[in-house]
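Q: I'm new to this one and would like a close look at a single part of it. Please start small and then work outwards.
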Amino acid sequence: MSVTKQQVLQGLAKVMSPRNVPLVDAGVLSEVVVNDGTVMLSINVDAAEVRDWEKVRAQADSAVRALPGVTSALIALTAERKAGAAAATAPPAARRPAPKGVPQGVPSVAGHRPAPPPHGSPMTRQAPIPGVGAIIAVASGKGGVGKSTTALNLALGLRDIGLKVGVLDADIYGPSMPKLTGIREKPRLTDAKKMIPIERFGLPIMSIGFLVEEDTPMIWRGPMVMSAITQMLRDVVWGSLDVMVVDMPPGTGDAQLTLAQAVPLKGAIIVSTPQDLALIDARRGLAMFTRVNVPVLGIVENMSYFQCPHCGTRSDIFGHGGARHEAEKLGVPFLGEVPLHMDIRATSDSGTPLVHSAPDSEHARIYRAIATRVAERLKQSAAG
Ligand SMILES: Nc1ncnc2c1ncn2[C@@H]1O[C@H](COP(=O)(O)OP(=O)(O)OP(=O)(O)O)[C@@H](O)[C@H]1O
Ligand SMILES: [Mg+2]
């Protein structure tokens, strides 16, 4: 039998807040969302007290996971800073020195102020994930340009050139991996209550979409996204991987910054369509990664040109070549062009990604060529 909200609250009754008030009475709990055996809630605290609360979060997490009927739990610590709060009141994590090479005092992109991850937690220290080699993010400033499609096919391309690859869907608001992979099952738990990613196409894959139903209200907001992502990175048995491909949500917000701050990202791949407007967003994405000292491995131009599914004729309806040009201008490698083609869309929509389902197709070759360039870049950066 699945656990109820009431049972979750009872299970939390013994957890005490730093002020020695029971957590459930401290006025900091969000609504408790229970979906089958998945329990999600957030603890909303003052940013200045985040450090003291991380212990409480961990205790709450253990208490919830220990309840019969709980298959997984995402207990997030959120630290919303009050609007207009001065930098001086920000928690220490926000004021820690910038990594080497990053100019001090650089404001975050587009006026967005990243809420820092809980200071003092192991998640804040860019600790590597044991067994995982390079972690790369597939990102863009703009939505709908084909990040998720590119991320999965790139992961399969990397698999085809002999690497052990995992996929993390970091899009908490709109996870794509259930649809792109056709995965409908929930991750099982180890004895230590860590989640086991779902294995498909030879890739371990994890997505919040495997834990919650599509129509579950998305309670993740702002800083809560951070905790969810760090848990998916660290409370999952990834095993030994050469590369973890992270499919990012659109934009330059919390998810990107969390990831850059929580794990040592080897690099980011920016996906853009050729139009000028998309390129402006791509530039923004690129600037964000540069500012948090994550190298940009290159740019992929998606929907680069239209290829007629019937006759194969190619037309450059979107002004093909914009991203290549932009990459040259910005001095970052150009990784390749993926055409707009029905087969790419159809295979994405049916959960049979093209590189896996049509490995000999021209498009699969394009993705593998991009994967090869990415692998070369990773090798170079490991050597350098
Ligand atoms: N090269 C392509 N040719 C045809 N269709 C494509 C191509 N790339 C992506 N698509 C389609 O475009 C839509 C958006 O792609 P996708 O979900 O990968 O974008 P996204 O950037 O991850 O979006 P979001 O910002 O919402 O996460 C999907 O329906 C996908 O099948
Ligand atoms: Mg996506």
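In which strand is Val-271 found?

A: Val-271 sits in strand S9. Before we zoom in, this is a predicted model, in which local features need pLDDT of at least 70, side-chain atom pairs count only at pLDDT 80 or more, and totals for chains, interfaces and linings use all residues. Residues are numbered from 1 along each chain as its sequence is written, chains are lettered from A and ligands numbered from 1 in the order in which they are written, and side-chain values use heavy atoms, without hydrogens or water.

Strands (E, at least two residues) and helices (H or I, at least four) are DSSP runs numbered from the N terminus. With a relative accessibility of 1%, Val-271 counts as buried, a word that here means under 20% relative accessible area with a 1.4 Å probe and protein chains only, while over 50% is exposed and in between is partly exposed.

So what is around it? Skipping neighbours within four places in sequence, Val-271 is in contact with Val-138, Ala-139, Ser-140, Val-145, Gly-146, Lys-147, Thr-150, Val-300 and Asn-302; contact means heavy atoms within 4.5 Å. Take Lys-147 from that list: Val-271 and Lys-147 are 124 residues apart in sequence, yet 6.0 Å apart in space, C-alpha to C-alpha.

Stepping out a bit, S9 (265-272) supplies at least two residues of the largest nonpolar core, as do S4 (132-139), H6 (223-234), S8 (241-247), H7 (254-262), H8 (276-291), S10 (296-307) and H9 (322-330). Such a core is a set of buried Ala, Val, Leu, Ile, Met, Phe, Trp, Tyr and Cys residues joined through side-chain atoms within 4.5 Å. This one has 48 residues, and Trp-238, Met-244, Leu-259, Leu-265 and Phe-289 have the most contacts inside it. Leu-259, again leaving aside neighbours within four places, touches Ala-137, Ile-229, Leu-233, Val-246, Met-248 and Leu-265. There is also a second, separate core of 40 residues, which includes Ala-151, Phe-210, Ile-344 and Ala-371.

Elsewhere there's an open sheet of three strands, in the order S1-S2-S3, with mixed pairing; strands pair if DSSP finds at least two bridges between them. S1 (33-35) and S3 (72-78) are the edges, each with a single partner strand, so each has one side without a neighbour in the sheet. S1 and S2 run antiparallel, joined by three bridges, whereas S2 (residues 38-44) and S3 run parallel, with seven bridges. In that second pairing, Ser-42 stands opposite Ala-76 in S3. S2 is mostly covered, with six of its seven residues buried.

For the whole chain, count 12 helices and 12 strands, with 53% of the 384 residues buried. Of the contacts with a separation of 6 or more, 76% join residues 24 or more positions apart.

How far to trust the picture? The mean pLDDT, which is the predictor's confidence in each residue from 0 to 100, is 81 for the chain, and 84% of its residues reach 70 or more. Helix H4 (residues 147-160) has the highest mean of the elements, at 98, and H3 (residues 92-95) the lowest, at 32. Over residues 81-125, pLDDT stays under 50. Where pLDDT is low, predicted coordinates shouldn't be read in detail.
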